[in-house]
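User: I'm new to protein structures and would like to zoom in on one spot and then see what surrounds it. Could you walk me through it slowly?

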Amino acid sequence: MTWALILSFGAVAYALKLLGAVVIGQRSVPAALQRCLLLIPAALLAALITKDTFTSGQEIVLDARIVGLVVAGVLSWRKAPFAVIVFAGVGATALLRAFA
Amino acid sequence: MHYFRAPEARRVVSASLVIGVAFVVFGMSFGVLAVGAGASVAQACVMSLFIFTGASQMSIVSVIAAGGSPASAFGGAVLLAGRNAVYGLAMSPVLDGSLGSRLLGAQWVIDETTALVTAEDGDERKKTVFWVSAPILYAAWNLGTLGGALIGNSIDPTTFGLDAAFPVMFTAMVVPHLRTRNGRRAAAFGAVTSVALAPFLPVGLPILVCALGMLFGLSPEPESGPVRTDGAP
């Protein structure tokens with residue numbers, strides 16, 4: 001982790017917020033562009049989930065993390081509180097590692 | 001500060017405290033994982049203070065922890081942070097005060113404050129909700145980060161199954177984005193593409209390719225609702 005990465009991204013993240021809230025203000029943005037931008041989290045978060053569950057570096061690895069993902073998926077779908085999802089998902093992985 | 005004396009302020013404070021508890025837990029998880037990925041306690045805290053958008057912060061830590069380059073970590077985080085610019089369009093009725101208040105308020109335009117504000121009717125109520133909830137959530141996120149970073153500094157994260165904390169938290173964060181048909185399509189594309197490309201591209205780059213899933217937004221949604229998430233800024 002480098003300060004250059006943290007500070008440069010901090011500046012960009014704030015600039016993006018300013019762009020929407022202060023610069024663009026009430027001007028309108030094409031509906032299709034707006035729909036596309038709002039889809040980015042769905043695509044990227046799903047990509048991060050499978051990357052962090054099924055890969056290690058550039059290798060595909062299947063291990064106890066899958067159990068944590070399944071537990072988190074079920075609890076998220078049932079609208080469990082955030083803390084419950086995190087502790088149950090991480091706990092399930094740790095338990096499986098301890099006994100497997 | 002007069003917004004804290006508005007008639008509906010108590011209701012907003014209690015709603016914010018509920019989300020605030022989730023923010024403390026998520027902030028702590030972020031702090032632990034950031035330190036585990038090689039950040040110092042100061043670096044983790046500066047990230048939460050100045051970046052304050054959880055999905056991007058987590059994605060940076062996730063890519064760095066997996067051995068990705070700073071450039072690819074930066075790219076994925078920028079794409080994730082782009083939605084805050086879109087949220088700003090919905091927040092303009094709230095941010096119409098002095099330049100100073102707009103510069104401060106802009107930093108607090110995130111998933112949760114946008115969801116809370118868009119759920120209210122009337123500009124005055126929207127303002128109360130924003131200026132009451134945002135500082136509570138900001139404080140919760142940063143206190144959680146500090147606590148997590150201090151804990152992370154004194155334990156070995158790998159012994160607690162904390163590598164599983166990344167997919168677990170991203171799962172909790174993605175579910176609200178799956179309510180629409182295009183959201184589910186984009187997520188399916190991202191999930192498959194990310195693993196399929198992993199063996200062939202440097203760590204961090206497949207995530208950037210996955211952003212192409214946003215193109216599903218070119219086709220209109222049959223029905224659409226407001227985007228909101230639970231527990232992460």
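Where is the place of B:Q107?

Analyst: B:Q107 sits in helix α5 of chain B, residues 99-107. Helices here are DSSP runs of H or I with at least four residues, strands are runs of E with at least two, and both are numbered from the N terminus. Before going further, a bit of housekeeping: this is a predicted model, in which local features need pLDDT of at least 70 and side-chain atom pairs count only at pLDDT 80 or more, while totals for chains, interfaces and linings use all residues. Residues are numbered from 1 along each chain as its sequence is written, and chains are lettered from A and ligands numbered from 1 in the order in which they are written.

Back to our residue. B:Q107 counts as buried because it has 20 C-beta neighbours inside 10 Å. The cut-offs are simple: 20 or more other C-beta atoms within 10 Å means buried, 12 or fewer means exposed, and in between is partly exposed, with C-beta atoms placed from the backbone. Setting aside neighbours within four places in sequence, B:Q107 is in contact with A:Y14, A:K17 and B:F52. A contact means that the two C-beta atoms, placed from the backbone, lie within 7 Å. There's also B:Y138, which is 31 residues away in sequence and 9.5 Å away in space, C-alpha to C-alpha.

Let's follow the link to B:F52. That residue lies in the loop between α2 (41-50) and α3 of chain B, and it counts as buried because it has 25 C-beta neighbours inside 10 Å. Its phi is near 45°, a positive value in a residue other than glycine. Most residues other than glycine have a negative phi. A:K79 has a positive phi too, near 60°. That residue lies in the loop between α3 and α4 of chain A, and it is exposed, since 10 other C-beta atoms lie within 10 Å.

Now on to α3 of chain B, residues 54-65, whose axis comes within 8 Å of the axis of α4(B), residues 70-91, crossing at roughly 160°. (Axes are lines fitted to C-alpha atoms, for helices over the stretch in contact, and angles run from 0 to 180 degrees between N-to-C directions.) That angle makes α3(B) roughly antiparallel to α4(B); under 35 degrees is roughly parallel, over 145 roughly antiparallel, 65 to 115 roughly perpendicular, and the rest oblique. The crossing of these two is right-handed, meaning the near helix is turned clockwise from the far one by less than a right angle, while anticlockwise would be left-handed. Among the residues that meet are B:A55 and B:I60 in α3(B), and B:G76 and B:L80 in α4(B).

α4(B) also pairs up with chain A. Its axis and that of α2(A) come within 9 Å and cross at roughly 135°, so α2(A) and α4(B) are oblique to each other. This crossing is left-handed. B:G76 and B:L80 turn up again here, among the residues of α4(B) that make the contact, while α2(A) offers A:L37 and A:L44, among others.

On chain B there's another partner for α2(A): helix α8, residues 165-174, with the two axes coming within 8 Å and crossing at roughly 155°. That makes α2(A) roughly antiparallel to α8(B). α2(A) passes α8(B) in a left-handed crossing. The residues that meet include A:L45 and A:I49 on one side, and B:F170 and B:T171 on the other. By class, this contact has ten nonpolar, two polar and one charged residues. Nonpolar covers Ala, Val, Leu, Ile, Met, Phe, Trp, Tyr, Cys and Pro; charged covers Asp, Glu, Lys and Arg; the others, Gly among them, are polar.

B:T171 in α8(B) is buried, because it has 28 C-beta neighbours inside 10 Å. Beyond its neighbours within four places in sequence, B:T171 is in contact with A:I49, A:L69, A:A72, A:G73 and A:S76.

Finally, the big picture. In total, 65 residues of chain A are in contact with 91 residues of chain B. α2(A) gives the most to the side of chain A that touches chain B, with 22 residues. That side divides into 42 nonpolar, 17 polar and six charged residues.
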